[in-house]
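The following note sets out numbered points for a colleague who has the sequence and the coordinates at hand. It deals with charged pairs and with the nonpolar interior.

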Amino acid sequence: MNVKQLLLRLPEAINLDDGAANAVIQYETSEPVYHVVAGGAVAAHEGQAPAADVTIRISDDNLDKLLRGERNPMTAMFTGKLKVKGNVGLAQRLIGMVDRQKLEAARAEVLRNENA
């Protein structure tokens with residue numbers, strides 16, 4: 001599974017709540033990606049954000065497990081598998097906005113494309 005491709009597709013699986021503020025979320029994985037939340041939408045970008053509100057440092061495998069719901073975010077933080085710098089509350093809210101069914105559909109499509 002290519003986590004970068006999954007992160008680039010993640011906006012399709014995010015249901016922003018009414019109180020979602022504009023923000024930039026940086027993912028420090030093997031291939032960095034960042035999300036920009038603005039105007040009620042989420043956009044994914046490759047690389048490093050010029051200025052992130054929160055930076056999430058995690059291995060590809062642990063991020064995949066986190067997004068699948070197989071890893072508890074708090075446990076991952078306490079064990080050092082997940083490091084969050086900046087607005088921790090924003091990171092927690094974002095995880096709560098992920099629609100797991102939509103995410104699995106995106107994951108399946110990424111896998112199909114990798115195997116094509």
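**Notes on salt bridges and the nonpolar core**

1. Helix 5 (residues 100–115) contains both Arg-107 and Glu-104, which are three residues apart, about one turn of the helix. The two residues form a salt bridge, with 3.1 Å between the closest N and O atoms. It should be kept in mind that this is a predicted model.

2. Is each partner of this pair buried or partly exposed? Arg-107 has a relative accessible area of 2% and is buried, because buried means under 20%. Glu-104, at 32% relative accessibility, counts as partly exposed. Salt bridges with shared partners connect Glu-104 and Arg-107 with Asp-64 and Arg-68 in one network.

3. How many salt bridges does the structure hold? The total is eight. Two further examples are described in the next points.

4. Within helix 2, Lys-65 and Asp-61 are placed four residues apart, about one turn of the helix. Their side chains meet in a salt bridge at 3.2 Å, N to O. Lys-65 is partly exposed, with a relative accessible area of 25%, and Asp-61 is also counted as partly exposed, at 45% relative accessibility. Both residues receive this label because partly exposed covers the range between under 20% (buried) and over 50% (exposed).

5. A salt bridge also links the side chains of Arg-9 and Glu-12, at 2.5 Å from N to O. Arg-9 counts as buried at 18% relative accessibility, since the limit for that class is under 20%. Glu-12, by contrast, is partly exposed, its relative accessible area being 47%.

6. Turning to the interior, the largest nonpolar core comprises 26 residues, and Leu-10 and Ile-25 are those with the most contacts inside it. Which elements each supply at least two residues of this core? They are helix 1 (3–9), helix 2 (60–68) and helix 4 (88–96), together with strand 1 (23–28), strand 2 (33–38) and strand 4 (54–58).

7. Which residues does Leu-10 touch, leaving aside those up to four places away in sequence? The contacts of Leu-10 are with Tyr-27, His-35, Leu-67, Val-98 and Leu-103. Of the elements that supply the core, strand 1 (23–28) spans the position of Tyr-27, strand 2 (33–38) that of His-35, and helix 2 (60–68) that of Leu-67. Leu-103 falls within the range of helix 5 (residues 100–115), the helix that holds Arg-107 and Glu-104.

Methods:
Residues are numbered from 1 along each chain as its sequence is written. This is a predicted model: local features need pLDDT of at least 70, side-chain atom pairs count only at pLDDT 80 or more; totals for chains, interfaces and linings use all residues. Side-chain values use heavy atoms; hydrogens and water are left out. A nonpolar core is a set of buried Ala, Val, Leu, Ile, Met, Phe, Trp, Tyr and Cys residues joined through side-chain atoms within 4.5 Å. Buried means under 20% relative accessible area, exposed over 50%, partly exposed in between (1.4 Å probe, protein chains only). Contact means heavy atoms within 4.5 Å. A salt bridge is a side-chain nitrogen of Lys or Arg within 4 Å of a carboxyl oxygen of Asp or Glu.
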